[in-house]
Amino acid sequence: MYIRIVKMRALFIAVCFIFSVLSASSLFAQSSARIVVQKIEQKELDRLMKSSESRSLVVAMASWCGPCRDELPLLVRMNNKYKDKGLKIIGISVDVDGTEAMQKIADRMKVNFPIYWAGEEAAEKYGIYAIPMLYLIRNGKVIDKIPGQQSEASLEKKIGKLLK
């Protein structure tokens, strides 16, 4: 009877150990992929918008904007498809509530590109009169400014031109 109890305890401990290892590894995998919405200073945002390092799609958005939330899965797919072809997607939140508002949306939607919070100042400086608003940037210059939610076909066409 004593040997049977020892064997059962050993089995229980082994199962608990395996479960804890598997749980920890999945937590680490999820946390490394999580995008954290960070505040960006105006100078850094200017640098991002004028960067000549890559071809960029910058999207102005807000957590309360239905079309912005609707467009996020498409942007995630576009990032998966084009990031290895030179496209850099960057989100700019213009929420008044700081980083927390967009963080909830980014987590829920599993956003896979960086999002920065710039607040209302960015809206004024960059002429954001509608959201979502997409900026296509090549060689440090805005080559297209597109207000409103885009269809997949329209976005594919615009990205194709940007990457040429």
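This section describes the fold, core, disulfide and strand pairing of a predicted model.

The protein contains six helices and six strands. In sequence order these elements follow the pattern α-β-α-β-α-β-α-β-α-β-β-α. Of the 164 residues in the protein, 39% are buried. Among contacts with a separation of 6 or more, 76% are between residues 24 or more positions apart. The exposed surface amounts to about 10,100 Å², and carbon and sulfur atoms supply 59% of that area.

Confidence varies along the chain. The mean pLDDT of the protein is 83, and 80% of the residues score at least 70. Among the elements, α3 has the highest mean pLDDT, 96, whereas helix α1 (residues 2–33) has the lowest, 46. Over residues 14–32 the pLDDT stays under 50, and the model shows zero contacts beyond four places in sequence for this stretch. Where pLDDT is low, the predicted coordinates should not be read in detail.

The largest nonpolar core comprises 45 residues, of which L57 and F113 touch the most other members. Helix α3 supplies the largest share of this core, with seven residues. In soluble globular proteins, nonpolar side chains tend to be buried together. Residues up to four places away in sequence aside, F113 touches I35, M61, L72, L75, V76, N79, I89, I90 and G91. The other residue named with F113, L57, has L136 of β5 as its bridge partner.

Helix α4 spans residues 99–109, and its buried residues are T99, A101, M102, Q103, I105 and A106. These buried residues pack against one helix, α3 (66–82), and against the strands β1 (38–39), β2 (55–61), β3 (87–93) and β4 (115–117). K110 follows α4 and has a positive phi, near 55°.

One disulfide is present in the model. It joins C65 and C68, whose sulfur atoms lie 2.5 Å apart. The torsion about the S-S bond of C65 and C68 is about 80°, and the disulfide is therefore right-handed. Both C65 and C68 are buried. The two cysteines are also among the contacts of I131, which, apart from neighbours within four places in sequence, touches A60, M61, A62, W64, C65, C68 and V94. I131 itself is located in the loop between α5 (119–125) and β5 (133–138). Its C-alpha atom is 7.8 Å from that of Q149, a residue 18 positions away along the chain.

Strand β5 follows this loop, and five of its six residues are buried. β5 pairs with β2 in the antiparallel sense over five bridges. β5 is also joined to strand β6 (residues 141–147) by six bridges, and these two strands likewise run antiparallel. In the latter pair, R138 stands opposite K141 of β6. The hairpin of β5 and β6 has two residues between the strands, and N139 in this hairpin adopts a positive phi near 55°.

Note on methods. Residues numbered from 1 in each chain as written. Heavy atoms only, no water. Buried < 20%, exposed > 50% of the residue type's maximum accessible area, 1.4 Å probe, protein only. Helix = DSSP H or I, 4+ residues; strand = E, 2+ residues; numbered from the N terminus. Contact = heavy atoms within 4.5 Å. Core = buried A, V, L, I, M, F, W, Y, C linked by side-chain atoms within 4.5 Å. Areas by Shrake-Rupley, 256 points an atom, 1.4 Å probe, with all protein chains shown as cover. Disulfide = S-S within 2.5 Å. pLDDT = per-residue confidence, 0-100. Pairing = 2+ DSSP bridges.
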